[in-house]
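Reader: I would like a close look at the metal site in this model, and then at the parts around it. Please keep the sentences short.

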Amino acid sequence: MRNTLIRAAVVALAVGAAGAQAGNPIDRIREADIKRDLFALASDAMHGREAGTIDEMTASAWVAERAREAGLQPAGDNGTYFQFFPLERMRVSAGSAVTLNGKALQMGRDVLPDALVVADVDAAVVAAPGDSVDGLELKDRALLVRYAPAQPITQDAGPRTVAALRTWARGIQRAAAPLGAVAVIAIVPDDQVDQWNRVAIALPRGSYGLDPDGTGSPLRATRGAPLLYVKASALGGAIDPGARVVARITADTFTYPSVNVVAKVPGRDPRLKDEYVLFSAHQDHDGVRFPVAGDDIWNGADDNATTAVALLAIGRAISAQPGRRSALFVWHGAEERGLMGSRWYVKHPTVPLTSIVACLNGDMMGRNDPGTAALLGALPPHRNSPELVQIALDANKAVSQFTIDSSWDDPQHREGWYYRSDHLPYARAGVPALFFTTLLHADYHTPFDNPDRIDTGKLTRMTRWMYATGRALAEADGRPAVDPAFKLERCRDSTGNYCGG
Ligand SMILES: [Zn+2]
């Protein structure tokens, strides 16, 4: 009880106590500023801010410039706002060559590999009469099938649905593999543009890896029997009896930079200013992909321009009146490619990791019911600091009054949402960590995650909640303890699948 009273007093003091002269800094967190920044960062001009493209760099430079305007100091490498890090990339080489029935096919235009499989094939082609491989002699031969969807496939399959073409072709590949087929060639009618585009998005991207220690083995492509999609018109006619396919598919590996944007507001207490409250977001999203209803820019307004601009607003409030502890801001790059920026930062922190008293991460903070929000990391087994959780709950009571939806913090929840944002590497590294979010919605990872669908009033209240939590942490005499029993292990059922999946 006594603890509770002290805690409540700390929050009240931190949140309510205005510097008499300057007004309460929380009032500097304004919806109009947040809205202006949101519409800029999530605009079409940013092209969806995809890691591994120049667009992420453009967005990151924009964030750094706005952070500077907000009064934040650089805290990245070499006195800058930036911490660059290498993404390892591997993709099908543009020099890969496929010749079918004597016709040379152009990679990406005429032919698409389903996955990155290195292969060297020179084989006779066996055309299947339908979708079945029954009775076909496929040993050391290439199977050719024609895609003929039973009913017209429309885009109402949804942007996140696996392409029907791919589902169909992989099914045939699974049937052909035991028969010894060395390749599967799927002929795709030219009018199946949407299906083609859904498969094509992987080709220029390839797969991504991160090697934070510099000790991992490099990405290596597997060798196998490729599944190739070939555009019907590229064949220029029927396949001759006795036709052959010659496919030499190689992989390119290279590194491409991504970047964390790192800034700070030094604390005012000479003793505590070497400790940091970390505010965390990611600025990247999914870039330009296949169009849905004519829109091919996946703007990522909620995911995660919302928190990226929230951090700017929090920065304006804190720089107006610094806390006793310092505030650290990290906009992580390449989150969508596998939490790359946060995994890198935890291995290469620009302040000692032990000096970070808490990681307050936000991801998707502007959708769904205006009165409800979620705080992940608030319940076992995700909770690594009960004290931190209590501070955040008190701050919610003081400034935002959200009803907290705890159901997504349940280890049995099918989304495994706790495991899907940038607080995770910090929690694993022993930093008290929380994840502020307003959860998933139908526009998640689609071209419809646009700024005009964001509830900026709600986002402003989420921003104030993060700020008030951080303010209380910055002003308190002590720092939140880590639960020594904390052990993170994503729940799996007896078959090895994630719980609830
Ligand atoms: Zn996100």
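Author: What follows starts at the zinc site and then moves through strands, cavities and the pocket. The model is predicted.

Take the zinc ion and its donors. H282 coordinates the zinc ion through NE2. D303 and D363 coordinate the ion through OD atoms, and D363 appears twice in the donor list. The distances run from 1.9 to 2.5 Å. The ion has 4 donor atoms, and the angles among them span 54 to 147°. Why is the site of the zinc ion irregular? Four donors count as tetrahedral only if all angles lie between 85 and 135 degrees, and 54 to 147° goes beyond that range, so the tetrahedral label does not apply. The site is classed as irregular.

Now place the donors along the chain. Their spacing in sequence is H-x20-D-x59-D. H282 belongs to strand β14, residues 276-282. D363 sits in the loop between β18 (356-362) and β19 (372-376). The pair is 81 residues apart in sequence, so H282 and D363 tie together distant parts of the chain. Are these two residues buried or exposed? H282 and D363 are both buried.

Strand β14 also leads to a cavity. The count of cavities of 30 Å³ or more is 2. The second largest holds about 60 Å³ of space. Its lining consists of V277, F279, I318, G323, R325, S326, A327, G470, R471 and A474. Which elements give two or more residues to this lining? They are β14, β17 (326-332) and α11 (456-475). The largest share, 3 residues, comes from α11. By class, the lining of the second largest cavity has 5 nonpolar, 3 polar and 2 charged residues.

The largest cavity holds about 80 Å³. It is lined by 11 residues, and those closest to its centre are P411, G416, Y419, R490 and C491. Its lining divides into 5 nonpolar, 3 polar and 3 charged residues.

Next, the largest pocket. Its volume is about 360 Å³. Of its 14 lining residues, P159, R160, T161, I201 and F290 are the closest to the centre. The classes here are 7 nonpolar, 2 polar and 5 charged.

F290 opens the way to a hairpin. Strand β15 covers residues 287-292, and strand β16 covers residues 295-298. The two run antiparallel and are joined by 3 bridges. V288 has I297 in β16 as its bridge partner. The hairpin has 2 residues between the strands. In it, A293 takes a positive phi near 50°.

A second hairpin pairs β3 with β4. Strand β4 covers residues 103-105 and runs antiparallel to β3, with 3 bridges between them. L100 stands opposite K103 in β4. This hairpin also has 2 residues between its strands, and N101 takes a positive phi near 55°.

Strand β3 has another partner as well. Strand β3 (residues 97-100) pairs with β12 in the antiparallel sense over 4 bridges. V98 stands opposite A247 in β12. L100 has V245 as its bridge partner in β12. On β3, V98 and L100 make up the covered face. A97 and T99 make up the uncovered face.

Strand β12 has β6 as a partner too. Strand β6 (residues 117-127) pairs with β12 in the antiparallel sense over 6 bridges. D120 stands opposite R248.

Which side chains of β12 point to the buried face? V245, A247 and I249 do. R244, V246 and R248 point to the other face and are not buried. In a regular strand the side chains alternate between the two faces of the sheet. Strand β12, residues 244-249, shows such an alternation.

Last, one residue in a loop. K273 is found between β13 (251-265) and β14. K273 has 36% relative accessibility, so K273 counts as partly exposed: the partly exposed class lies between 20% and 50%. K273 is 125 residues from A148 in sequence. In space, the C-alpha atoms of K273 and A148 are 66 Å apart.

To return to your site: H282, D303 and D363 hold the zinc ion at 1.9 to 2.5 Å. H282 ends strand β14, and β14 also helps line the second largest cavity.

Definitions and conventions. Residues numbered from 1 in each chain as written. Predicted model: local features only at pLDDT ≥ 70, side-chain atom pairs only at ≥ 80, totals over all residues. Heavy atoms only, no water. 1 Å grid on protein atoms, 1.4 Å probe; cavity = no way out; pocket = protein on both sides within 12 Å on 5 of 7 lines; lining within 4 Å. Points joined across faces, edges and corners; volume = space filled by probe spheres on them. Nonpolar A, V, L, I, M, F, W, Y, C, P; charged D, E, K, R; others polar. Donors = N, O, S within 2.8 Å, 3.2 Å for Na, K, Ca; no water. Tetrahedral: all angles 85-135°; square planar, octahedral: opposite > 155°, others 65-115°. Buried < 20%, exposed > 50% of the residue type's maximum accessible area, 1.4 Å probe, protein only. Pairing = 2+ DSSP bridges.
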